[in-house]
Amino acid sequence: MSRCCVIGLTVFIAITTCSDQENNDIGIIDTYDDKVPISDTRAVAGGVAKIPCDVATQLKDDRVHLVLWYKEGEKGMGVRIPLTPIYSFDGRDGAEDEAAQHWTDTASLGSRAFFNVKESPAKLTIDGVKDKDGGVYRCRVDFRKSPTRNSRVNLTVIIPPERLSVVDENGDHIQHYILGPYSEGASLDLACIATGGRPTPRVTWWQENALLDDTWELMSERRVRNVLRVEKLQRRHLHAVFTCQASNNDLVAPISSAVTLDLNLNPLWVKILGENRPVSANHSQEVRCEVAGARPAPHIRWWKGSFLLYNATQETSSDGNRTTSTLHYIPSMEDFGEKLICKATSPFLKEPFQQDSWTLNVRHVPEITLEVGGGTNLSAIKEGDDVHLECTIRANPWVYRVAWEHNGKTLYSNVSDGVQVNNQSLLIRNVTRSHAGVYTCIASNQEGDGQSNQLLLDVKFKPVCRPGQQTVLGAARLEKTEIACEVEANPVAVNFTWEIHPGAGVNGSVGPGAGKSRDKVEDKVEFDVEKTRSTAVVTPVTTADFGEFSCWATNVIGRQLEPCVYKLIPAGRPEAVSNCTVLNQTEDLVVVGCSAGFDGGLGQAFQLELYDGAQLLRNVSSAHALPHFTLQPLPAADSRRLQLRVYAFNHKGRSPYVTLQLLNSNHAERRTAAVTVQFMPLIGAVLGIVGALVLIVVAVALAIYLKSRESAAPASKRSTPSLDSLEKNPDIIPQCNEYQTSAEKDVDKLLSCPETTKPKSPFFAEKNLEVIQTESILPHTSFIHADSSSALHILHQTDDPGQEFMTLGPWRHPHLTTSATPSPATSTRF
């Protein structure tokens, strides 16, 4: 009771004192407050503020009875010390700390404040600090024993920055926090702006844990900026993260904003893969180029010199780090020395673009140009000139061989022919028409053989006779005959001149008509000219119309040196074939070949007949211009020996046939060697038959002899016919038995216009007589001869060593035309 009275009295005195001396009291309190030291504490707006108050005591059994918290106004504002605390802790009831009474001013702190005496020092904790919570707080502590203790704490409320903005050098905000892309080597200006905050925040730039820039500037009262500048961006800056931080205290983490840098990177290398090897022209080539480290993936372009190549494909690795291009191209020989360039291009990269190149070494087949050297006019070369040809070669690698060809045949040096081959040069001295033709130059290297253009050497020359012409022609009286004179000339524009020698060359002498006027013969000749061919059309009427025809041609080079000479003779039957040979024989095949005789002045054909005895088994015509026959298969025959007969024929008749004996054996060996069969008479196998035949021959010979004696008187009539008789007969050369007596005709049947040979007879050797051999139907009559005296000699051979002969005369050989007077006939009996 007494304690309450004391307290009440004390409060009353204090209030009274304050009321009476208000002005003085304020000054006293202020003065008192100035003597109490002030400590500082900080709190972030929205955070927790902890204001310390020392409640510790050193006295025994002393303890806190009452703690009062006051918030002062700012000094010098004339604000009185509030009489009402904003928070109180009352432990006077002796209760423990947990049971002590806590009171707070709801208008000031509300439920946000709590005084914790267990901490050391004890602290007034304010949650959700507001800007108005800042100021000086006074803590008054009353103890049980110790005197009252006052302490003052200044609470500073910190307001952090509100936001950060990161912009590029153009002031544009960074979209999606991805900066760029920038090109490698470029510079970067990046600004970070902090808005709000008290005190003014500090703005810094960081890359990971490294501080890049802490220099900032105040733009206005509420804005602070820091500009980060990075010179020459490098590959290491790709995907670099730049972080801007703004902070004005160390109580809470600073606010920050990060951006990631994107870069376009130049290639680390551009490389054509593989080794630069020589390539072959006109062959497809493949080459690859690799670009590494470029970002984004570049577009690879190929160039050949200044020409862009398009036939290329491109692919990029999965990590995007390597890009490979494959080019297919066909080099040409003109590409030798050109640059093959691989270039990495991109619209995001700065020029000059990186590239790699190869110098092309193109190998090719030699390219050759053939020209006339020495300024020679190719169109004016004539026989006797010198011609120089030059072969110009372009080759890689160089040639190891040069060859020349003339009309497709290899040409070699030939001094006698005037040809000199000297590698790339060809010299022809005293050129002739044989040198005319197509010339080419061939050069060889490892790539192959190259051939030059064809150069036609056109050698101008005087006309010459075309070889291979028929120079002996046969014709009958009143038969229209064409004598073709063909020449070779360059130029081909020629004029022809004919010269006629009537009767010359007929039977080796000038005929009866040789003395006639040449003009009269020329009146019977018609001429026709077609290019290098002149045709004389002759219709012989008399012997004077036969003879030699000479033809000259003239062009701009000159007149033909030697004329073309043609002989027009009376036509007759062809001569017999010769040298007949069995070229090949098997079981079912026979091949026979012969040599052709004179065709009688007319075209001739050839025939082969196969006989088995008297039976004709086969008749074959030659399929060639020469007597060449093939019998296949061989017909069946009973005889072991077969007979082959070969003859020629024209429209005047046929020649005597030539006989070959053929062995007919089914098991005959193949005869590949040429076997020449001699002409031999038929010899009887039986001696009895031979004897009978001898008698028949004697009888026939006697008959012929008697008939010849009977007709000997008018022999002059049987001599060579006169010119008048020839003119009445349209055939100039009569048949074999024409103008003959009956006896002569009989003999002629035996002779059948035979071929002449020389028998081995002493009689004929001594007389040096011409002998006609034939196979006669008269046995043992082997040789018949007509000598120059027109006497016919028949040689009869018997088993007796002696030889008998018969002379029949006068007689005219059917192949001879002579005006000689026949000698009287003589005879010797058998």
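Leu427 sits in strand β33, which covers residues 425-428 of this predicted model. Setting aside residues up to four places away in sequence, Leu427 touches Val387, His388, Gly418, Val419 and Gln420. Gly373 is also worth a look: it lies 54 residues from Leu427 along the chain, yet the two C-alpha atoms are separated by 9.5 Å.

Before going further, a word on confidence. The average pLDDT for the protein is 78, and 74% of the residues score at least 70. The weak stretches include residues 1-32, where pLDDT stays under 50 and the model has six contacts beyond four places in sequence. Residues 713-830 also stay under 50 in pLDDT, though here the model has 220 contacts beyond four places in sequence. Where pLDDT is low, the predicted coordinates should not be read in detail. The 220 contacts of residues 713-830 go with a pLDDT under 50, so they are best left out of any detailed reading of the model.

Back to the strands, and to β46 (residues 590-595). Five of its six residues are buried, so β46 is largely enclosed by the rest of the structure. One of its partners is β45 (residues 578-585), which runs antiparallel to β46 and is joined to it by five bridges. The connection between β45 and β46 is a hairpin of four residues, and in this pairing Gln585 faces Val590 of β46. Strand β49 (residues 628-631) pairs with β46 as well, again in the antiparallel sense, over four bridges. Here Val592 is the residue that stands opposite Phe629 of β49.

Another piece of the fold is an open sheet of four strands, ordered β10-β12-β16-β15 and paired antiparallel. Its edges are β10 (163-167) and β15 (217-220), each of which pairs on one side only. On average, neighbouring strands of the sheet are turned by 25 degrees against each other, direction ignored. Within the sheet, β12 and β16 run antiparallel and are joined by eight bridges; in that pairing Ala191 stands opposite Val227 of β16.

The β12 and β16 strands are also linked through their side chains. Arg229 makes a salt bridge with Asp189, with the closest N and O atoms 2.6 Å apart. Because Arg229 belongs to β16 (residues 223-230) and Asp189 to β12 (residues 188-195), this pair ties together parts that are 40 residues apart in sequence. Both partners count as partly exposed: the relative accessible area is 46% for Arg229 and 23% for Asp189.

Across the whole structure, the search turns up 25 salt bridges. Side chains of opposite charge can pair when their charged atoms come close. One such pair is Arg152 and Glu72, whose side chains meet at 2.9 Å, N to O. This salt bridge links distant parts of the chain, with Arg152 in strand β9 (residues 149-158) and Glu72 in strand β3 (residues 64-72), 80 residues apart. How accessible are the two side-chain partners, buried or exposed? Arg152 has a relative accessible area of 7% and is therefore buried; Glu72, at 12%, is buried as well. Glu275 and Arg277 also form a salt bridge, at 3.1 Å from N to O, but in this case Glu275 and Arg277 are exposed. Beyond individual pairs, salt bridges with shared partners join Glu72, Arg138 and Arg152 into one network.

A last site to mention is Ser325, found in strand β25 (residues 322-329). With a relative accessible area of 1%, Ser325 is buried. Its side chain makes a polar contact of 2.9 Å with the side chain of Trp302. Which residues surround Ser325, leaving aside its neighbours within four places in sequence? Ser325 is in contact with Val287, Arg288, Cys289, Ile300, Trp302, Ala312, Thr313 and Gln314. Trp302 thus appears in that contact list and is the partner in the side-chain polar contact too.

Notes
Residues are numbered from 1 along each chain as its sequence is written. Side-chain values use heavy atoms; hydrogens and water are left out. A salt bridge is a side-chain nitrogen of Lys or Arg within 4 Å of a carboxyl oxygen of Asp or Glu. Helices (H or I, at least four residues) and strands (E, at least two) are DSSP runs, numbered from the N terminus. Buried means under 20% relative accessible area, exposed over 50%, partly exposed in between (1.4 Å probe, protein chains only). A polar contact is a pair of N or O atoms within 3.5 Å; within protein, one must be able to donate a hydrogen and the other to accept it, and residues adjacent in sequence count only if both atoms are side-chain atoms. Contact means heavy atoms within 4.5 Å. pLDDT is the predictor's confidence in each residue, from 0 to 100. Two strands pair if DSSP finds at least two bridges between them. Axes are lines fitted to C-alpha atoms, for helices over the stretch in contact, and angles run from 0 to 180 degrees between N-to-C directions.
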